Amino acid sequence: FRKKALSIIALIVLLLIFLFFLSFSIRNATICTNINSRNLKEYSGSYNISISHRARNTIYYVSLANGDMVQITPELLKNGSDFSEHPVIHFVYSEPRFGLPSGYTCVGIYSINNSECYMEIEDSLGNAKIGMYIGITFSIITFALAVLLFVSYLTAYHFKKK
């Protein structure tokens with residue numbers, strides 16, 4: 001019974017990991033599609049920033065005056081740029097909303113007159129493509145491991161019944 005329970009738990013864990021990576025790749029694929037089709041949301045105006053430190057990652061959450069929440073990955077900001085110095089800024093962001101708190105993904109940040117770029121849309125597209133490929137790769141790996149575990153479980157169970 002113990003081996004059976006451990007196999008089922010391992011299978012469930014692998015399937016949960018598979019679903020995590022699948023959702024990660026779908027989110028990034030959606031962002032890529034939205035950038036390529038220019039199906040993006042835009043906002044120019046005032047905002048408030050809060051910073052979240054998760055494990056090894058830092059995420060900026062920006063509350064826009066229109067009620068939207070935007071998540072910014074600091075690594076995508078151009079070197080040395082600090083958009084927070086300006087009280088009014090232009091944000092370009094994409095669906096889907098995700099995370100806690102739920103927010104859109106920021107793909108571009110510009111000064112109101114477009115004289116300064118703090119986050120380039122092409123950099124965000126490249127990052128989303130990499131995330132999509134990583135998600136797909138790990139989805140395939142974890143799904144294959146889950147299938148192998150399930151087949152080996154069925155095989156072992158089948159031979160025990162004989």
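Trainee: Let me start with one residue: in which loop does Asn114 lie?

Mentor: Asn114 sits in the loop between β6 and β7 (117–119). Please keep in mind as we go that this is a predicted model.

Trainee: How should I read the backbone there, and what is phi of Asn114 near?

Mentor: The general idea comes first. Most residues other than glycine have a negative phi, and most peptide bonds are trans. In this structure, phi of Asn114 is near 60 degrees, which is a positive value in a residue other than glycine. Asn114 has a relative accessible area of 55%, so it counts as exposed.

Trainee: Which loop holds Arg38, and what is its phi near?

Mentor: Look at the loop between α1 and β1 for Arg38. Its phi is also positive, near 60 degrees, and Arg38 is not a glycine. Because its relative accessibility is 52%, Arg38 counts as exposed.

Trainee: And peptide bonds: is the one from Glu95 to Pro96 cis or trans?

Mentor: That bond is cis, with omega near 5 degrees. You will find Pro96 in strand β5.

Trainee: Let's stay with Glu95. With which residue does Glu95 form a salt bridge?

Mentor: Again, the idea first: side chains of opposite charge can pair when their charged atoms come close. Here the partner of Glu95 is Lys41, and the closest N and O atoms are 4.0 Å apart. The pair joins distant parts of the chain, since Glu95 belongs to strand β5 (residues 89–98) and Lys41 to strand β1 (residues 41–45), 54 residues apart. The structure holds one salt bridge.

Trainee: Are Glu95 and Lys41 buried or exposed?

Mentor: Each falls in the class between those words. Glu95 has a relative accessible area of 41%, so it is partly exposed. Lys41 is at 30%, and therefore it counts as partly exposed.

Trainee: Now for empty space. How much of it lies in the largest pocket?

Mentor: Rolling a probe the size of a water molecule over the atoms shows where empty space is left. For this model, the largest pocket contains about 820 Å³. It is lined by 28 residues, and the closest to its centre are Phe24, Arg27, Asn57, Thr73 and Phe98. Elements giving two or more residues to that lining are α1, β3 (57–64), β4 (69–72), β6 (103–110) and α2 (121–161). Sorted by class, the lining has 14 nonpolar, eleven polar and three charged residues.

Trainee: Over to the surface: which residues make the nonpolar patch of about 530 Å²?

Mentor: That patch is built from Ile8, Ile12, Leu16, Leu19, Leu22 and Ile26. Take Leu19, which is placed in helix α1 (residues 2–36). Its relative accessible area is 48%, so Leu19 is partly exposed.

Trainee: Last topic, sequence versus space. How far apart are the C-alpha atoms of Cys106 and Gln71?

Mentor: They are separated by 5.8 Å, although their positions lie 35 residues apart along the chain. Cys106 is in strand β6, and at 3% relative accessible area it is buried, because buried means under 20%. For another pair, try Arg2 and Tyr93, which are 91 residues apart in sequence and 49 Å apart in space, C-alpha to C-alpha. Arg2 has its place in helix α1, and with 68% relative accessibility it counts as exposed.

Terms used:
Residues numbered from 1 in each chain as written. Predicted model: local features only at pLDDT ≥ 70, side-chain atom pairs only at ≥ 80, totals over all residues. Heavy atoms only, no water. Patch = residues over 30% accessible without salt bridge, like charges linked within 9 Å, V, L, I, M, F, W, Y side chains within 5 Å. Areas by Shrake-Rupley, 256 points an atom, 1.4 Å probe, with all protein chains shown as cover. Salt bridge = Lys/Arg side-chain N within 4 Å of Asp/Glu carboxyl O. Helix = DSSP H or I, 4+ residues; strand = E, 2+ residues; numbered from the N terminus. Buried < 20%, exposed > 50% of the residue type's maximum accessible area, 1.4 Å probe, protein only. 1 Å grid on protein atoms, 1.4 Å probe; cavity = no way out; pocket = protein on both sides within 12 Å on 5 of 7 lines; lining within 4 Å. Points joined across faces, edges and corners; volume = space filled by probe spheres on them. Nonpolar A, V, L, I, M, F, W, Y, C, P; charged D, E, K, R; others polar.
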